[in-house]
Amino acid sequence: MKLFVYHTPELTPSPCTADCAIAIDVLRATTTIATALGVGAEAVQVFSDLNRLMQTSAEWDPAKRLRAGERGGSKVEGCDFGNSPLDCTPQLMQGRRLFISTTNGTRALQKIEQCPTVLAAALINRHAVVNYLVETQPETVWITGAGWEGSFALEDTVCAGAIAVGLMEKLGCTLDELAGNDELVGAVSLYQQWKDNLLGLFHLASHGQRLLRLECHADLQYCSALDTLDVLPIQREVGVLVNQSTLVAPVAARSVVSAQSA
Ligand code: 3SL
């Protein structure tokens, strides 16, 4: 397996030629997406364009939908909420589809949407992402950081490094064997330096500081926790992510069913 890191959607090559592509927007879109699916959202449908979100969600049963819109860190008028993972309660999300548009995170997902396998990763679900990669062993994996309006983001890069370190530990491989580009090596170094103080890194990060100015301290804390959620957001159809555990019956279970019906 070779892992490549691209710091922004703009730096990610087109078309996507990877076997598996992963979008990361730790602050906060992919953390929110994983959390929403973890508390029972039926699916999360992502949009870079707010008008398209409004049009598509208008065709959905109002009792079965929620709209999340964020620009510049703040909630978009007309949406049910902004982009805080802390708003994702089971009472709100259970059985509903979350229609979401954010400044950078949903653009990152859109950039890789044509890849055969698309995942959404954050620090909270790093473990689930690593386990999936170990089980499925894609040959080429691209990681696209959301960044901030075309610029590098520390929090996305440290998460890419955390995924790479998790893979090296589980596969017993070296950095040299795993690294597809220089960015991956840089991401691993960043994670190794900050792994015991991820919240401290977020306080240094420009988007962390933007969120602190918006009084989102609790969000930063929640988003900086590692391996706290066993949820894997995976694209089921273009733009629609579901929790992988709800996607298909495990292969073993399916073969038992077909053997019984034969
Ligand atoms: O940039 C994004 O997509 C958002 O995640 C930004 S925010 O954390 O909601 O401000």
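**Charge placement, overall form and selected residues**

The mean positions of the 19 positive and 28 negative charges of the protein lie 6 Å apart. This value, like those that follow, is computed from a predicted model.

On the scale of the whole chain, the fold can be described by a few totals. The secondary structure comprises 12 helices and 10 strands. For 262 residues, a compact globule would be expected to have a radius of gyration near 18 Å, and the protein agrees with this, since its own radius is 18 Å. The C-alpha trace extends over about 60 × 50 × 35 Å along its principal axes. Burial applies to 53% of the 262 residues. The accessible surface amounts to about 11,300 Å², and carbon and sulfur atoms contribute 50% of that surface. Among contacts with a separation of 6 or more, 78% are made by residues 24 or more positions apart.

We may turn next to the backbone, where two cis peptide bonds deserve a look. One cis bond joins Ser14 and Pro15, with omega at about -5 degrees. Pro15 sits in the loop that runs between strand E1 (2-6) and strand E2 (20-24). Another cis bond joins Leu27 and Arg28, also with omega at about -5 degrees. Arg28 belongs to the loop between E2 and helix H1 (29-38).

Positive phi values are found at Gln137 and at Glu215. Gln137 is not a glycine, yet its phi is positive, at about 50 degrees. The residue occupies the loop between helix H5 (126-136) and strand E8 (140-145). With a relative accessible area of 43%, Gln137 falls in the partly exposed class. Glu215, again a residue other than glycine, has a positive phi near 65 degrees. Its loop connects helix H10 (206-213) and helix H11 (217-223). Glu215 is exposed because its relative accessible area is 66%, and the cut-off for that class is over 50%.

The loop between E1 and E2 also holds His7. Since its relative accessibility is 17%, His7 counts as buried, the limit being under 20%. Beyond its sequence neighbours within four places, His7 is in contact with Gly145, Ala146, Gly147, Phe152, Thr157 and Glu183. With one of these residues, Thr157, the side chain of His7 forms a side-chain polar contact of 3.5 Å.

Cys88 is another buried residue, with a relative accessibility of 6%. Its place is the loop between strand E5 (74-75) and helix H3 (90-93). When neighbours within four places in sequence are set aside, the contacts of Cys88 are Thr32, Thr35, Ala36, Val39 and Met93. Thr32 is 56 residues away from Cys88 along the chain, while their C-alpha atoms are separated by 7.4 Å.

Arg71 offers a view of strand E4, in which it lies. This arginine is partly exposed, as its relative accessible area is 31%. Apart from neighbours within four places in sequence, Arg71 contacts Ser48, Leu50, Val76, Ser101, Thr102 and Thr103. The side chain of Arg71 reaches the backbone oxygen of Ser48 at 3.0 Å. As for Ser101, its C-alpha atom is separated from that of Arg71 by 8.4 Å, with the two positions 30 residues apart along the chain counted as their separation.

Finally, Lys64 is located in the loop between helix H2 (50-58) and strand E4 (65-71). Lys64 counts as partly exposed because its relative accessible area is 45%. Outside the stretch up to four places away in sequence, Lys64 touches Gly95, Arg96 and Arg97. Ala122 lies 58 residues from Lys64 in sequence, and the C-alpha to C-alpha distance between Lys64 and Ala122 is 26 Å.

Terms used
Residues are numbered from 1 along each chain as its sequence is written. This is a predicted model: local features need pLDDT of at least 70, side-chain atom pairs count only at pLDDT 80 or more; totals for chains, interfaces and linings use all residues. Side-chain values use heavy atoms; hydrogens and water are left out. Helices (H or I, at least four residues) and strands (E, at least two) are DSSP runs, numbered from the N terminus. Buried means under 20% relative accessible area, exposed over 50%, partly exposed in between (1.4 Å probe, protein chains only). Contact means heavy atoms within 4.5 Å. The radius of gyration is taken over C-alpha atoms; the globule rule is 2.2 Å times the number of residues to the power 0.38. Accessible areas come from the Shrake-Rupley method with a 1.4 Å probe; for residues, only the protein chains shown count as cover. Lys and Arg count as positive and Asp and Glu as negative; His and the chain ends are not counted. The place of a charge is taken as NZ of Lys, CZ of Arg, CG of Asp or CD of Glu. A polar contact is a pair of N or O atoms within 3.5 Å; within protein, one must be able to donate a hydrogen and the other to accept it, and residues adjacent in sequence count only if both atoms are side-chain atoms.
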